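Trainee: Before I plan anything around this model, could we go through it together, with questions from my side and reasoned replies from yours?

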Amino acid sequence: MELKILFRSKEHVIDFPSDIVKAKDVLKHFDLSPEYAFVIVDGKVVPEDENLKPNSKIKVVSAISGG
Amino acid sequence: MNVLKRGSLCLICKTKGSKKEADIYLPAHRLPICKEHYIDWVVKRVEETIKEFRMIKKSDKVLVAVSGGKDSLALWDILVKLGYEADGFYINLGIDEYSEDSKELAIKFAKEINRTLHITFLKDELLPIPKLKERFNKPTCSVCGTVKRYYMNKKAKELGYNVLATGHNLDDEVAVLFKNVLTWDINYLSRQYPVLEEEDGFVRKVKPLCRLSEKEVALYSFFRGIEYIEYECPFAEGASTIETKKFISALEEKSPGIKLQFYNSFLKRAYPLIEDKNQKVMLKSCKICGEPSANDICSVCNMKIKIGDSIKG
């Protein structure tokens, strides 16, 4: 399943091998942990086991920062 | 449970006799909570931290060090919500697009909350960060830190503020604490406290977000609709702090609450034993700018001299 995901102000188009993609799979794709990152779908923070749909507006937020 | 289960109810709503679905789950606090109560929860937590460490009085004039990131904007938002006299101070570091974007977001937010944002351009004072990086053979984040601390303190005094508030969160504090514990650097550890009193030409410095995790602050900013700079400073990419944070985060995932416990226990048990072990350097006033300095000429004025020489030479 192909998903369009906004991450760090850039849009990423990712083709996932499975047709069932959960929020936690998206975090995993970006090598992020739910301990410091979360997924927003259509303006709402979703649980990690939420199934994502291709036409949804998906955004990933990673809270970790350095420097 | 470590994650939000579908259909979980907000625990705060529940104690108030109503039923509402939780929007998020906070593993460290075992708390499923709705958006509205989460915002109140964060504000209250900051209020308690400010009171416990006697960080700010209502009569204080507070300058918030604003970077345009989630932490500093959330901090500013919370302080204003709590009724403090808090304005912002933004240093444009001259890091191309990153600085331009973050400056615009800081200006936009200041307008939204109707508070003053003071802006200083590093290129007018010294040199922009990319040029300083070229000129001085030191890690960029370290030069940037020195410069930011210098101008924050100097401008706070010049502008008539007596408290400088920074958006350091729990993860920032735990990462530094962890590194200092690895080397048992007692001198650094003895200064790692969320409030540093005004002394020797320094204004009081406070870190009111020290008990909120990075994710908790990001969630607050999201729920409050605060627009902040979401991408990393190009110089901080790959910074060792991020690796330390990821390492600690892996521990937190297995034992929720361990970060908070590590930090709180340090403040409660270890800090009282070492707080007077700080090898205090007798600070002088810089002969050029008058700012506190360990040497006759402070590090920023030293940079200025070297830059001047290289222009002449």
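The conversation below takes up confidence, the cores, the enclosed and open spaces, and a few single residues.

Trainee: What average pLDDT does chain B have, and what ipTM does the predictor give the complex?

Mentor: This is a predicted model, and where pLDDT is low, the predicted coordinates should not be read in detail. In chain B, 98% of the residues score at least 70, and the average pLDDT is 94. For the complex, the predictor reports a pTM of 0.95 and an ipTM of 0.96.

Trainee: Which helix gives the most residues to the largest nonpolar core?

Mentor: The largest nonpolar core holds 65 residues, and those touching the most other members are B:Y38, B:I56, B:V64, B:W76, B:L79 and B:Y220. The greatest contribution to this core, seven residues, comes from residues 35–52 of chain B, which form helix α2.

Trainee: With which residues of α10(B) is B:Y38 in contact, leaving aside neighbours within four places in sequence?

Mentor: Beyond those neighbours, the contacts of B:Y38 include B:I24, B:L26 and B:I33. The buried residues of α10(B) include B:E216, B:V217, B:L219, B:Y220 and B:F223. These residues of α10(B) also appear among the contacts of B:Y38, so the names asked for are B:E216, B:V217, B:L219, B:Y220 and B:F223.

Trainee: How many residues of α10(B) are buried?

Mentor: The buried residues of this helix include charged ones, among them B:E214, B:K215 and B:E216, as well as B:A218 and B:S221. Just after the helix, B:G225 takes a positive phi of about 70°. The helix is mostly covered, and the number of its 10 residues that are buried is nine.

Trainee: Which residues lie closest to the centre of the second largest pocket?

Mentor: This pocket offers about 580 Å³ of space. Its lining numbers 30 residues, and the ones closest to its centre are A:P34, B:N2, B:Y25, B:P27 and B:K215.

Trainee: Which elements of chain B supply at least two residues each to that pocket's lining, and how does the lining divide by residue type?

Mentor: In chain B, the elements that each give at least two lining residues to the second largest pocket are the strand β1 (24–26) and the helices α10 (214–223), α11 (240–254) and α12 (258–274). By residue type, the lining of this pocket divides into 16 nonpolar, three polar and 11 charged.

Trainee: How much space lies in the largest cavity, and how much in the second largest?

Mentor: A search of the whole structure finds two cavities of 30 Å³ or more. The largest cavity is lined by B:R191, B:L196, B:E197, B:E199, B:F202, B:V203 and B:K205, of which three are nonpolar and four charged. The second largest is lined by B:L105, B:K108, B:F109, B:E112, B:G225 and B:E227, a set with two nonpolar, one polar and three charged residues. The space is about 50 Å³ in the largest cavity and about 40 Å³ in the second largest.

Trainee: Which residue of chain B is in contact with A:E50?

Mentor: A:E50 lies in the loop between β4 (44–45) and β5 (58–62) of chain A, and its relative accessibility of 22% is why it counts as partly exposed. Its C-alpha atom is separated by 8.3 Å from that of A:V21, 29 residues apart along the chain. Leaving aside neighbours within four places in sequence, A:E50 is in contact with A:V21, A:K22 and A:A23 in its own chain, and in chain B with B:R6.

Trainee: Is B:T244 buried or exposed?

Mentor: B:T244 is found in helix α11 of chain B, and beyond its neighbours within four places in sequence it is in contact with B:A175, B:F178 and B:K179. Its relative accessible area is 11%, and because the cut-off is under 20%, B:T244 counts as buried.

Trainee: What phi values do A:D42 and B:R30 take?

Mentor: Most residues other than glycine have a negative phi. A:D42 sits in the loop between β3 (37–41) and β4 of chain A and is exposed, with a relative accessible area of 54%. B:R30 lies in the loop between β1 and β2 (31–33) of chain B and, at 68% relative accessibility, counts as exposed. Neither residue is a glycine, yet phi is positive, at about 45° for A:D42 and near 45° for B:R30.

Technical notes: Residues are numbered from 1 along each chain as its sequence is written. Chains are lettered from A and ligands numbered from 1 in the order in which they are written. This is a predicted model: local features need pLDDT of at least 70, side-chain atom pairs count only at pLDDT 80 or more; totals for chains, interfaces and linings use all residues. Side-chain values use heavy atoms; hydrogens and water are left out. pLDDT is the predictor's confidence in each residue, from 0 to 100. On a 1 Å grid over the protein atoms alone, a cavity is a set of points where a 1.4 Å probe fits but cannot get out, and a pocket is an open set with protein on both sides within 12 Å along at least five of seven lines; lining residues have an atom within 4 Å of a point. Grid points are joined across faces, edges and corners, and a volume is the space filled by probe spheres set on the points. Ala, Val, Leu, Ile, Met, Phe, Trp, Tyr, Cys and Pro count as nonpolar, Asp, Glu, Lys and Arg as charged, and the others, Gly among them, as polar. A nonpolar core is a set of buried Ala, Val, Leu, Ile, Met, Phe, Trp, Tyr and Cys residues joined through side-chain atoms within 4.5 Å. Buried means under 20% relative accessible area, exposed over 50%, partly exposed in between (1.4 Å probe, protein chains only). Contact means heavy atoms within 4.5 Å.
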